Amino acid sequence: MADDKKLTTRKADFSAWYNEVVLRSELADYSPVRGCMVIRPNGYGIWERMQRTLDDMFKATGHQNAYFPLFIPESFLRKEAEHVEGFAPEVAVVTHAGGKKLEEALIVRPTSETIIYSMFAKWVQSYRDLPLLINQWANVVRWEMRTRLFLRTTEFLWQEGHTAHATHDEAEVEARKMLGVYRDFMEGYIAMPVITGQKTDAERFAGALRTYCVEAMMQDNKALQAGTSHNLGQNFAKAFDLKFQTEAGGTDYAWNTSWGVTTRMVGGLVMTHGDDNGIVVPPLLAPIELVIVPIYRNDEERTNVLEAANRIAGLLGAWDRRESSRLRVHIDARDGMKPGAKYYEWEMRGIPLRLELGPRDLAANQGVLVRRDTRAKRPVSLNTLGEDVAETLSAMQRDMLAAALDRREANSIRTAITYDRFREIMAGDGAFVYAGWCGDPACEAAVKEETKATIRCIPDEEFRSAEAPTTCLRCGGVSTNEALWAKAY
RNA sequence: CGGGGCGUAGCGUAGCCUGGUAUCGCGCCUGCUUUGGGAGCAGGAGGUCCCCGGUUCAAAUCCGGGCGCCCCGACCA
């Protein structure tokens, strides 16, 4: 009777654990169409909070939202040579509509560079029209071979920022700035520490000059690319004739950037914080921060406890945490379900705090407060509950980031190792390995072939080792870059 | 696309070898008793056994064909 209630443990089978926990916490479900998923209210609630937070951050950095169409003329994709090569294999194409074959097939956007820069070309004439800073929230479709809930689905939700600038350097600053926004968001809200850095040519976005990324370590020591930001140079501007008159009176092609994060972040959240009891949602992203579970043995107690629960929920809901947001409180008043069963359910769903409230507590003017991350219980006075809850939530938010950071560093290797040792590590538990690279794509490819590990990025200064590696991990030649090597999702 | 597994009630499954009343658990509904870590009893609802064809008096079961899904690889946020 017990076994089917327990999750497969992370240790036994991380991949099976992930699938089960996503389904059982009701974040998402499979759809009738292969590779697509339905995002259920629990999952969408987290996404909505991610969206709202990021959207505010984009606005604060001067961006405006707009919306561009789902369908793009097939010919647009072909205008940028590298871009079409990168995306053609995974593009869904509409050939028939309105009962007729279309004269020109339409592609379902896999990303919107082509349609957006073709429109920018109409809107930009002068340097005075720059910079143009646009973001859109949208769905995109990429026909993937193998899919996994949230991590890789045929259709996914994302935001894509697209900007146009007068100079290369200005575009570069923008690309780096938005990478910083992503980092702040992931560490500050998802409590998911990331390494920032630059992609090698092999992993660079098709059509970009340079691609920057944020990479996070999951609990199986694999890397998750959680977001990317590209300096597109003038590649798309040239393809779509996005020109402007310069201050000096000449004409030049604009410099573009694009940057995006997706619903994949929800998967990152799950694999960063989840445990064998379910998911753990960081307080700032939790649709419900505190659930009150009333305990009673008869109608009279039920009436009293629920009355107290409602009073408390009302007070907490009005509790001002200085940023003038309200505590998001839910009372689980379902009858005929034992308190223990409710505990398990809310733990599976990762709700940050639980307040157990029974007759004995009321008599003592207290409740029992339980943290989801540590599952630690402690009695709290009802007189100071607002302060206690607010403090516990911020402590939990901090502790979750710290724990994830500790785990990442404990599973990172910065000392020089032989290639044989590297192979052992990648065949075993995996790790983030900081090691030298000669710069030759052939070495990078050979490592991938032999170990499944890839260069996740050339880490930014702050993440590099105190002493730079001197030799290439694979060939032993002179290292030109310190690289972060890991297996990836 | 290669390898593996699986399609039987909402979910998980037994039955298939050896053809004959479709099994069990969870969940769901009703009632009563319960409720401080996954409640108990009683009653009840729920099925194109993935699809099409064949063999047979009779097919979940045997035969042929198809479809779908999941897992592992090659491509990718």
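This briefing covers the overall build of chain A and then a few of its residues. The model is predicted. Chain A contains 14 helices and 23 strands. Of its 489 residues, 53% count as buried.

**Overall shape**
- The radius of gyration of chain A is 25 Å. A compact globule with 489 residues would have a value near 23 Å, so the two agree.
- Along the principal axes, the C-alpha atoms of chain A fill a box of roughly 80 × 55 × 50 Å.
- Many contacts span long stretches of sequence: among those between residues at least 6 apart, 70% join residues at least 24 apart.

**Surface and charge**
- Chain A exposes about 22,100 Å². Carbon and sulfur atoms supply 51% of that area.
- Chain A carries 61 positive and 68 negative charges. The mean positions of the two sets are 3 Å apart.

**Cysteines**
- The whole structure was searched for disulfides, and 0 were found.
- Cys213 is in no disulfide. Its nearest cysteine sulfur belongs to Cys457 and is 4.5 Å away. A disulfide needs the two sulfur atoms within 2.5 Å, so this pair does not count as one.
- Cys213 has 0% relative accessibility, so it counts as buried.
- Cys36 also counts as buried, because its relative accessibility is 18% and the cut-off is under 20%.

**Arg148**
- Arg148 sits in a loop. Strand E7 (132-141) comes before this loop and strand E8 (155-165) after it.
- With 16% relative accessibility, Arg148 counts as buried.
- Beyond its neighbours within four places in sequence, Arg148 is in contact with Ser15, Tyr18, Asn19, Thr153 and Tyr489.
- Tyr489 is 341 residues from Arg148 in sequence. In space, the two C-alpha atoms are 9.9 Å apart.

**Glu356**
- Glu356 belongs to strand E17, which covers residues 353-357.
- Glu356 is buried, with a relative accessible area of 7%.
- Leaving out residues up to four places away in sequence, Glu356 touches Val293, Ile295, Tyr343, Asp361, Gly367, Val368, Val370 and Lys377.
- Lys11 is 345 residues from Glu356 in sequence. The C-alpha atoms of Lys11 and Glu356 are 30 Å apart in space.

Terms used:
Residues are numbered from 1 along each chain as its sequence is written. Chains are lettered from A and ligands numbered from 1 in the order in which they are written. This is a predicted model: local features need pLDDT of at least 70, side-chain atom pairs count only at pLDDT 80 or more; totals for chains, interfaces and linings use all residues. Side-chain values use heavy atoms; hydrogens and water are left out. Helices (H or I, at least four residues) and strands (E, at least two) are DSSP runs, numbered from the N terminus. The radius of gyration is taken over C-alpha atoms; the globule rule is 2.2 Å times the number of residues to the power 0.38. Buried means under 20% relative accessible area, exposed over 50%, partly exposed in between (1.4 Å probe, protein chains only). Contact means heavy atoms within 4.5 Å. Accessible areas come from the Shrake-Rupley method with a 1.4 Å probe; for residues, only the protein chains shown count as cover. Lys and Arg count as positive and Asp and Glu as negative; His and the chain ends are not counted. The place of a charge is taken as NZ of Lys, CZ of Arg, CG of Asp or CD of Glu.
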